[in-house]
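Q: Could you take a close look at one part of this model for me, the place where the two chains meet through a pair of helices? I'd like the packing, the residues and the confidence in one connected story.

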Amino acid sequence: MSRATERPRSAAEWLQFASAGVIVMVMFYPAVWMVYSAFKSNREIFRTPFALPGEWKWGNLIEAWNVGGLGTLYLNSVFVTVMAVSMCVLFATGAAFAFTRLEFPGRTLMYRVLLVGLLLPPPSVAIALFTQLRDMHLLNTHWALILPGAAWQLAFTTFLMRSYFLSIRPDMEEAARLDGANTWEIFWHVSVPMVWPAMLTMIVLNTIAVWNELLFALLFVTDDAQRTLPVGLVRFSGYHSTDYSLVFAALAITTVPILILYFILQRHVIAGLTATAMD
Amino acid sequence: MLFAAPAMLLFATFVLLPLGASVYYAFTYWDGFSAPRWAGFANFTRALTDPTFLMSFVHVVLYILATLVFEVSFGLFMAVLLNSDRRGFSLMRGMFFAPVVLSMSAAGVLWKFVLDYRTGLLNSTLRSVGLGDWAQPWLAQPETALLFICIVSGWKYAGFYMVIFFAALRRIPRNLYEAAKLDGANGVQQFFAITLPMLKQNVIVCILLAVTGGFAGFDLFFTMTNGQPFGATEVPATWIIKQAFDQNQIGYGVALTVVLTVVVSVISIAYLKISERGHVTRY
């Protein structure tokens with residue numbers, strides 16, 4: 001698209017390009033620095049912090065992977081995220097469908113109650129939730145992260161799914177109802193396909209949130225075999241705080257795949273955020 | 001109603017129930033194991049005379065004010081700067097946003113290296129340009145620790161606000177700017193006369209996000225300093241966790257969470273009421 005409109009740039013446009021470029025480069029540099037430092041020896045990190053590694057030590061990555069048990073952490077994070085996100089998006093879509101397409105007593109009240117969750121900070125219930133999960137015998141299981149994780153994303157997800165439902169006229173659903181479809185069929189065969197783009201966006205945004213969650217993961221899971229990546233990373237960097245190359249390697253292993261995934265899915269991430277902020 | 005039931009059930013169990021329980025436990029002495037004993041307002045009087053807790057609110061307010069500068073304002077500035085169809089800008093927007101998808105713990109660990117006294121990127125840069133005297137143990141001295149946490153927070157979240165403002169900028173009709181140009185307005189005048197008023201609604205939402213998000217701030221503080229040095233970066237969330245889990249004073253910790261909830265609710269409701277007067281937010 002740009003090729004066709006690429007007229008010569010004016011001086012002001014070059015200035016804009018240059019200043020934006022400098023700011024973006026300076027801010028992005030720490031990420032690049034982290035990646036190539038992961039391949040250096042501790043000595044090199046000390047002596048020449050800016051230089052590229054003299055010899056690319058892939059062994060750092062393997063060592064960090066093994067020492068930190070990053071494989072387990074990854075698997076735990078994937079499981080928790082997949083479960084929490086699918087639960088949250090599915091339930092929120094159902095709730096948004098009910099709030100916009102169905103009539104039932106208490107509809108407005110329920111929605112209002114749900115909105116409370118938009119403003120509450122998670123630390124405000126962390127302790128009570130801890131004792132509650134203990135009494136439910138869920139501490140140190142992945143469910144201690146999945147259920148609260150999904151619950152805390154619900155308000156925001158329902159809120160946005162609802163506004164998406166409101167932006168679509170209910171004609172299709174009404175037509176299906178005239179054809180004799182029951183509510184369940186309407187939901188699955190008419191509404192879900194229609195709001196699928198919004199669901200996809202919510203999947204992406206919730207994945208970022210749940211994947212990165214630290215507070216609950218720190219408090220509710222203390223068993224090393226069940227931990228998720230963010231907690232694992234903080235603990236790892238605490239244990240090996242003097243072994244710079246090892247921590248850099250662990251950092252690179254945990255962040256680079258996410259960054260690559262982000263650059264692939266960039267359009268969805270940004271479209272999603274845009275939708276959230278507009279309403 | 002059946003369709004709303006799973007969501008409401010989940011929400012009630014893991015958000016509303018602990019919220020209600022908090023209010024009850026806040027009035028008790030409780031170590032988390034034996035039966036809670038009624039304490040009346042003792043926990044609350046203690047909270048209001050707990051200097052660290054009160055200071056933690058000062059810190060979090062400073063942090064929120066800083067996020068308004070480093071995240072919201074800087075994000076707005078970058079949205080304007082990166083608003084171009086020219087080649088390269090789309091990539092730059094993508095790069096600028098990238099830190100948002102990283103976890104706070106990864107960002108915290110990474111920046112601890114950047115700010116490290118001996119080997120950190122910042123001090124190395126200063127030394128290499130001959131300003132070695134300026135090198136400081138940034139996170140280890142009370143005067144600079146909080147400031148640098150705010151900066152890291154800005155690094156992480158400015159992209160988020162940039163994207164929001166950028167999308168809004170795209171909706172401003174071009175002809176407004178053309179009219180302004182004909183009237184002889186320069187770039188800065190156009191920004192204050194057109195851009196800012198047109199973005200009013202987004203600015204209001206972003207400030208609300210920054211304020212509620214700021215009070216919930218935990219990850220970065222925990223990862224980078226956990227309240228150190230000398231309590232200079234203690235925020236409500238980190239202090240609450242210490243009280244409840246390191247000192248086994250669940251009752252007192254819960255009381256602190258209730259105070260936090262009340263403060264956040266009052267501020268956000270007041271804020272929404274004020275902004276609703278301009279018919280700008282539609283909750």
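A: Here's a walk through that contact, followed by a helix pair inside one chain and the confidence scores.

Keep in mind that this is a predicted model. The pair you're after is helix H7 of chain A, residues 123-135, and helix H1 of chain B, residues 5-25. Their axes come within 8 Å and cross at roughly 100°. An angle from 65 to 115 degrees counts as roughly perpendicular, so that's what H7(A) is to H1(B).

Now for who touches whom. On the H7(A) side you'll find Val125(A), Ala128(A), Leu129(A) and Gln132(A). They meet a set of residues in H1(B): Phe14(B), Val15(B), Leu17(B), Pro18(B), Leu19(B), Ala21(B), Ser22(B) and Tyr25(B). Sorted by class, this contact of H7(A) with H1(B) holds ten nonpolar and two polar residues, with no charged ones.

Zoom out to the whole interface, and chain A puts in 80 residues while chain B puts in 70. H1(B) matters for the count here: its 13 residues are the largest share of the side of chain B that touches chain A. That side of chain B is made up of 48 nonpolar, 17 polar and five charged residues.

For another helix pair, stay within chain A and look at helix H8 (residues 143-167) and helix H10 (residues 183-212). These pack with axes 10 Å apart, at an angle of about 155°. Anything over 145 degrees counts as roughly antiparallel, so H8(A) is roughly antiparallel to H10(A). The crossing of H8(A) past H10(A) is right-handed. From H8(A), Gly149(A), Gln153(A), Thr157(A), Leu160(A), Met161(A), Tyr164(A) and Phe165(A) take part. Their partners in H10(A) are Val195(A), Ala198(A), Met202(A), Asn206(A), Ala209(A) and Val210(A). The class split for this contact is nine nonpolar, four polar and no charged residues.

And how far to trust it? The model scores ipTM 0.80 and pTM 0.83. Chain B has a mean pLDDT of 82, with 96% of its residues at 70 or more. Among the elements of chain B, helix H3 (residues 51-81) has the highest mean pLDDT, 88, and strand E2 (residues 37-38) the lowest, 76. One stretch to flag is residues 279-283 of chain B, where pLDDT stays under 50. The model does give that stretch twelve contacts beyond four places in sequence. Still, predicted coordinates shouldn't be read in detail where pLDDT is low.

Notes:
Residues numbered from 1 in each chain as written. Chains lettered and ligands numbered in written order. Predicted model: local features only at pLDDT ≥ 70, side-chain atom pairs only at ≥ 80, totals over all residues. Axes fitted to C-alpha atoms, helices over the stretch in contact; angles between N-to-C directions. Helix = DSSP H or I, 4+ residues; strand = E, 2+ residues; numbered from the N terminus. Parallel < 35°, antiparallel > 145°, perpendicular 65-115°, else oblique. Contact = placed C-beta atoms within 7 Å. Nonpolar A, V, L, I, M, F, W, Y, C, P; charged D, E, K, R; others polar. pLDDT = per-residue confidence, 0-100. Left-handed = near helix turned anticlockwise from the far one by under 90°.
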